[in-house]
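Thanks for coming. I will take one chain and its contacts with its neighbours, and then turn to the chain as a whole.

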Amino acid sequence: MAGINLKELTKKQNPLTEGHRMCPGCGAPTAVRQALMAVEDPVVVVGATGCLEVSTTVYPYSAWRVPFMHVAFENAGAGISGVEAAHRILSKKGVAKEKIKFVAFGGDGGTYDIGLQSLSGALERGHDFTYICYNNQGYMNTGAQRSSATPVSANATTSPAGSVIPGKLQRAKNLTEIVAAHDIPYVAQTTLHNPMDLITKVKRAVETPGPAFVNVLVPCPLFWKIDSADQMKVCKLAADSRFWPVYEVIDGKYVLSYNPKNPVPLEDFLRSQGRYSHLFKKGRERMDLVAQGQVDVDREWERLLKKCEG
Amino acid sequence: MSKPKCWQDVPPATIAWGASALDVETGLWRSMRPVLDENKCISCLKCWLQCPDSSIKTNEEGRVCGINMFFCKGCGVCAQVCPVNAISMHQEADFTGEKREHGEDPGKVADHVK
Amino acid sequence: MTSGNLAFAEAMRQVNPDVVAAYPITPSTEIPVKFAEFVANGQVDSEYVAVESEHSAITACVGASVSGARVMTASSANGVALMHEIFPIAAAFRAPIVFGLVNRSLGAPVNIHCDHSDSMPERDSGWIQIYCEDAQEVYDSVLLAVRLAEHDDVLTPVFVCQDGFITSHCYEPVELLSDESVKKFVGERNAKYPLLDVDNPVSYGSFTMSEYYFEIKRTQIEGMNNVPRIYKELTKELAEYTGREYPALDAYRAEDAEYLIVIMSSATGVVKDVVDEMRERGVKAGCLRVRFFRPFPAEDLKKLADGKKGVAVLDRSASIGGTAPLAAEVKSALYGLSERVPLQEYLFGLGGRDLYPRDAEKVFSRLMENDYSDTARYIGLLEKDEENGGN
Amino acid sequence: MDGGVIMENGKKRTLEVRWHGRGGQGAKSASAILAEVLFEEGKHVQAFPEYGAERQGAPMRAYNRVSDTPIRRRCSVENPNIVVIVDPTMVVSSNPCEGCMSDAVYVVNTPEDALALRARMDLSADAKVLVVDATKITLEELGQNRPNAPLLGALSHLFTDVSAETFADHFTKKMKQLPGPVLEANRRAILRGREEAVLA
């Protein structure tokens, strides 16, 4: 990857402007800014319904310096397919610029759940676009309802931590692997632990012809119940505890991007957020669930390491 | 960018002009405020990279030269990621007297709807 | 000689749209299938996107259309219903998509034959709706629809509806224009705020508080209000090529008629035959075929129905619990007449059941006998002969 | 503050309240608690926020209607009799006087002196300001910045036909699940809010 000169980056205007309405400390705009920072060609963005879309397009304002389209919740994949197809012919006709990059942004709800089908269709058809999922592990715009990306045992408003049921019972869906199974040229998973990691991954995704997918774990201070300043700290814990492995799949080849030298127990990650506080309530601790969580993390990590050797 | 006053001057389709959110003063949201200590700052740009609201100002040479109070929401991410603790957080109330340029108040609903 | 579907596909080939995104469903499948052949044989330059669902078909069309491309697609019945969420979005984006809607009954139960229960629920989506009587009219309407949808004062997507199987699969003579004439007539699309214009960035699909939603809807209503004026000019212009003009309301021997049947699409033929027979017997019968259901030609209809002794409205879709769509529009159009015109509502042809000449004759004879019922009557329904006049 | 009657027009008419706060500060729940308290004394009540893209820290508004007769209108409140400003930094930016009745009472959570605040807000002659440092009270009593309880205490002056005890006991009666000391602290915060409110 060509070296990224940070100083130069500060000169480039980011496709996402100031003045958007995301909550203070939200991980999504940080992810979007870093993702598009090193993209040289002009970009057209398609968004699925979600926090990012609603907060950046409060009419009559738009926080997008680049063309932006949002159609509905379940069709970012289909929407960007139409735009990309139009570009293929309109650029031939000289009506549109030759080199335009197409980037779709969806939250976990819009990507793991309701938008999965249109994403899968767009990947299978091989459109030349990059889909970035800003994954805050829940339907946060509507008040932290659970999605298939919500981690096991997490407290969400439709899988609440009650006296009988301790939060979400199911493990989160591993969408990154489902997307990798589409055998597309570039798939990656990362978080906000290290800006250069996200910047270079998306630069590579966008410059890879054909479909590319980057799954970015982003904290939601309000509903992860962390301080708005703790964005990077929690992401580091997620990566260091291997709760959120950081890796790439390049033309089917698995490459581990970050192997924490001294990994942190999952418990440290869980204790850093209020959405898991019910596991540590005095007298009603659920260390069994914490232990099971560690078992899951370790098993998934081993699986990933095997794939990286394979 | 003036808000449309009647349906006749609403632009066609549902389009909004690109980057028009630059008129929106999200700085009104702050209850805490970051203050940059220029002597400590080594301009490593970690804060600039992480700021969710692109509010860390940089000059021609790409060095950090202040924080944009029109937009900053006071989340404190910059203060936390700064490796040399050059940014400290303060109560916004301590700065009430300060003169500031005004933009559209994001919370204010247009009068014809009230 | 060709069928409704193939006439639509042929018109598509000649229009040579930039993007076609489609998904198969009986009876409209032949349109995307035929068009795929054109693409494979290089007869068109279009980008063809074979999507994984109708919902994605209409979404890809919207994406392409707001990007500045000329876009066409087709579907039927439950495929149309699956697209329902996106139709008002396409209309609000002012995306001039031309949509071949091949009418088929909406499940359940599953039925592949024609009625209007798939297009009628979309009448409030903000799209223009044109209903064609035969394959010739389908072909001409596609060309008109492209110009109408893209006109700056309209900028509204268009449904070109034809009756499933009855029109879409029936072979009949259709006069086609040359490729050059079509190219000359439809010209090139000149999009206003294309998404791909990266130098003048705009955002589509904003989140609107109650501050502006109402105003944006009003701008759409204005586009629809301009349709009658613009359409009159276009149908005259096309007539210079084809010799055929299609008024929004097809009045067949209706001006001097005393008794009228108001009807839409392919079943009109039977009514026109019966009108001629009755005229020979000295009865002043007439037929009004509504071609534009949206925008509804209420004024024209009111003028033509004024002073009539009796009117019957034949709906090919039911509005369960309310007045059927065509009857509701006709009744409200006649409301302004100084003298009340008696009107009988009929439901016919649900699930593809044919309208026969004997049915139309019976409708006319009951009008002549001043035999009306406050509730809708059913034509061709298997029903025990209850005393309240049954059928 | 002496128990003097502030609102002569509190009788037989719908009183409308507008709350100004930030997302996450509890203005919406405060308007609901006010409604609950007044409902206990037989008042007809409504409590509703201004729905939209609510965001942490973003300015928002909530409303109440209180009346002796059943309330049927559902539109937003345009001319409030009472304005409550939950966050001291919003006194100017939230445009509190917008559409207010000329004799409106502004209940403001701020450490600022009542007269100075009144001057800064340049209110009409017969408008009044009811100032209480709710943040300080709750930090002292509850250890967190939860200004609702003291603000309720201050508001109890405006609804003279509802006893101070009904306001004060509200939490203890309604929030049984909360631990005793927290309920007790809330009660003290309400009473201090009533006591330390300054009218200008």
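Start at a single residue pair: A:Met69 has C:Tyr204, in strand β7 of chain C, as its bridge partner. That bridge belongs to a pairing between β2 of chain A and β7 of chain C, residues 202-204, which run parallel and are joined by two bridges. Before going further, note that this is a predicted model.

Now the rest of that contact. Chain A puts 41 residues in contact with 36 residues of chain C. On the chain A side, at least two residues each come from β1 (43-47), β2 (68-70), α4 (76-92) and α6 (116-125). Which of these gives the most? It is α4 of chain A, with twelve residues. By residue class, the side of chain A that touches chain C has 24 nonpolar, twelve polar and five charged residues.

Chain A also meets chain D. There, seven residues of chain A are in contact with five residues of chain D. The chain A side of that contact is made up of five nonpolar residues, one polar and one charged.

Back to α6 of chain A, which was on the list for chain C. Its buried residues are A:Ser118, A:Leu119, A:Gly121, A:Ala122 and A:Leu123. A general reminder on helices: with 3.6 residues a turn, residues three or four places apart point the same way. If you look at the buried positions on screen, A:Ser118 and A:Ala122 are both among them, and so are A:Leu119 and A:Leu123.

What covers these buried residues? From chain A, the cover includes α4, α5 (108-113), β4 (130-135) and α7 (175-180). Chain C is part of it too, through its α3, residues 54-66. After α6 of chain A comes A:Gly126, with a positive phi near 75 degrees.

Last, the whole of chain A. It has twelve helices and eight strands. The C-alpha trace spans about 70 × 50 × 40 Å along its principal axes. Is the radius of gyration what a compact globule would have, or not what it would have? A compact globule of 310 residues would have a radius of gyration near 19 Å, and chain A has 19 Å, so the two agree. Of the 310 residues in chain A, 60% are buried. As for contacts between residues at least 6 apart in sequence, 67% join residues at least 24 apart.

That is what I have; the structure is still up if anyone wants to go back to a residue.

How values were computed: Residues are numbered from 1 along each chain as its sequence is written. Chains are lettered from A and ligands numbered from 1 in the order in which they are written. This is a predicted model: local features need pLDDT of at least 70, side-chain atom pairs count only at pLDDT 80 or more; totals for chains, interfaces and linings use all residues. Helices (H or I, at least four residues) and strands (E, at least two) are DSSP runs, numbered from the N terminus. The radius of gyration is taken over C-alpha atoms; the globule rule is 2.2 Å times the number of residues to the power 0.38. A residue is buried if 20 or more other C-beta atoms lie within 10 Å of its own, exposed if 12 or fewer, and partly exposed in between; C-beta atoms are placed from the backbone. Two residues are in contact if their C-beta atoms, placed from the backbone, lie within 7 Å. Ala, Val, Leu, Ile, Met, Phe, Trp, Tyr, Cys and Pro count as nonpolar, Asp, Glu, Lys and Arg as charged, and the others, Gly among them, as polar. Two strands pair if DSSP finds at least two bridges between them.
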